[in-house]
Number of protein chains: 2
Amino acid sequence: MARWEPNASERLQEAALGLFRERGYDRTTVEEIAARAGLTERTFFRYFSDKREVLFAGAKALEKLVTGAVAGAAANVAPLDAVAAAFEATAPLFETRRPYARERQALVLAHPELQERELIKLAALAAAVTESLEKRGLGKTRAGLVAEAGIAIFKHAFERWLDDAKKRDLAHHVRAVLSELRHVTAAPAARTTARRATRRRSTA
Amino acid sequence: MARWEPNASERLQEAALGLFRERGYDRTTVEEIAARAGLTERTFFRYFSDKREVLFAGAKALEKLVTGAVAGAAANVAPLDAVAAAFEATAPLFETRRPYARERQALVLAHPELQERELIKLAALAAAVTESLEKRGLGKTRAGLVAEAGIAIFKHAFERWLDDAKKRDLAHHVRAVLSELRHVTAAPAARTTARRATRRRSTA
């Protein structure tokens, strides 16, 4: 008989992280995670499809927040600014969880199967953001390009946030990385025009 | 005893695609692929780690070509232009293979396990391009952003190329998508400046 367990998802996540830390990710079983949380394996599988999934518990909430913010952005906001602002808005989700996020990141980097799952979650997030942008009237290619640029900004901002000795929030890093993206994708037109002008003067 | 088999990789790819077409991807086994190619399963596994991998046979060659072109670009070429030109240079790899590429794409889209493998290959390509850009002196974040923008351009250009009724080559589509990316990532500064100027005039 299924019983309702208060905070089951959080208890399972905490138990899993504790075990991964003590025994290593590979040597931890779902059975052990459930036991440490004082729950059954059946309850575990009501919340997570497998052991990996415990580390991606926040993915759906993140997607909802980001796509909601994109959909709600004012019509005159440029698409990339809408997406960057949506990722800025996720900062409070992470703010109190920097130590957890660091530990999680190290685990993901050390296990190819977790990296795979992360790629799939990011691709799903990109698809959801693309859809939100299409609803704002953007064409398929442009919506995809902006969404993927947004994911790239988020990823790099997140890495910088994890390592930031000054402990600035994620929103700060999203803005900084957006500005770097704009710098590196800008057409080198200004430079070319300047060069052409110089050449014209020298041949005149 | 291992025998050298001429064109074993190509024969296995062709056999696999034929079987996927006739019986479906899921119902085809490695044993059947090897048999149709007139080869043994052992030979199959000398070329491919599993059934999925047959559809990603060109990934290494693609990576080598792209990273080589990025490394070889003139020092004064902007990083994103170097990466886009590198992807333009892959056009001849695909030119004669549009029907195959279309069939392959449909298979990938229909099978989550193939989509996963595709994500992993694209992430590996992004990592390799990031490394080439770092060797050109770009910082970690910028190298990553440019590489990921390059992959996004390549992906969307490839989709357009697959569907192009006018049969323009991949290089054409890479240039067109690069230009769209620049359009959607450009800072809305010009617009803002114009709006401010209007406001200033109207309040004067």
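Helices here are DSSP runs of H or I with at least four residues, numbered from the N terminus. With that in hand, let's look at helix α10 of chain B, residues 170-185, and at the charged pairs around the structure. This is a predicted model, in which local features need pLDDT of at least 70 and side-chain atom pairs count only at pLDDT 80 or more, while totals for chains, interfaces and linings use all residues. Residues are numbered from 1 along each chain as its sequence is written, chains are lettered from A in the order in which they are written, and side-chain values use heavy atoms, leaving out hydrogens and water.

**Helix α10 of chain B**
- The helix has 16 residues and reaches 22 Å from its first C-alpha to its last, close to the 22 Å expected at 1.5 Å a residue; the expected span is 1.5 Å times one less than the number of residues.
- Its buried residues include B:Leu170, B:Val174, B:Leu178 and B:Glu180 (buried means under 20% relative accessible area, exposed over 50%, partly exposed in between, with a 1.4 Å probe and protein chains only).
- The buried residues of α10(B) pack against α5, α9 and α10 of chain A, together with α5, α6 and α9 of chain B.

**Where the two chains meet**
- In contact (heavy atoms within 4.5 Å) are 32 residues of chain A and 32 residues of chain B.
- The count between chain A and chain B is six salt bridges, each a side-chain nitrogen of Lys or Arg within 4 Å of a carboxyl oxygen of Asp or Glu.
- One salt bridge joins the side chains of A:Arg142 and B:Glu180, at 2.8 Å from N to O.

**B:Glu180 and its partner in chain B**
- B:Glu180 also meets B:Arg160 in a salt bridge, at 2.7 Å from N to O.
- B:Glu180 lies in helix α10 and B:Arg160 in helix α9 of chain B, so the pair ties together parts 20 residues apart in sequence.
- B:Glu180 is buried at 14% relative accessibility, whereas B:Arg160 is partly exposed at 28%.

**Salt bridges within chain A**
- A search of the whole structure finds 36 salt bridges over all chains.
- A:Arg117 and A:Glu53 form a salt bridge, with their closest N and O atoms 2.3 Å apart.
- This pair links distant parts of the chain, 64 residues apart: A:Arg117 is in helix α8, and A:Glu53 is in the loop between α3 and α4.
- A:Glu63 and A:Lys60 meet in a salt bridge at 3.4 Å, N to O, and both lie in helix α4, three residues apart.
- A:Glu63 is buried at 18%, but A:Lys60 is exposed at 61%.

How values were computed. Helices (H or I, at least four residues) and strands (E, at least two) are DSSP runs, numbered from the N terminus.
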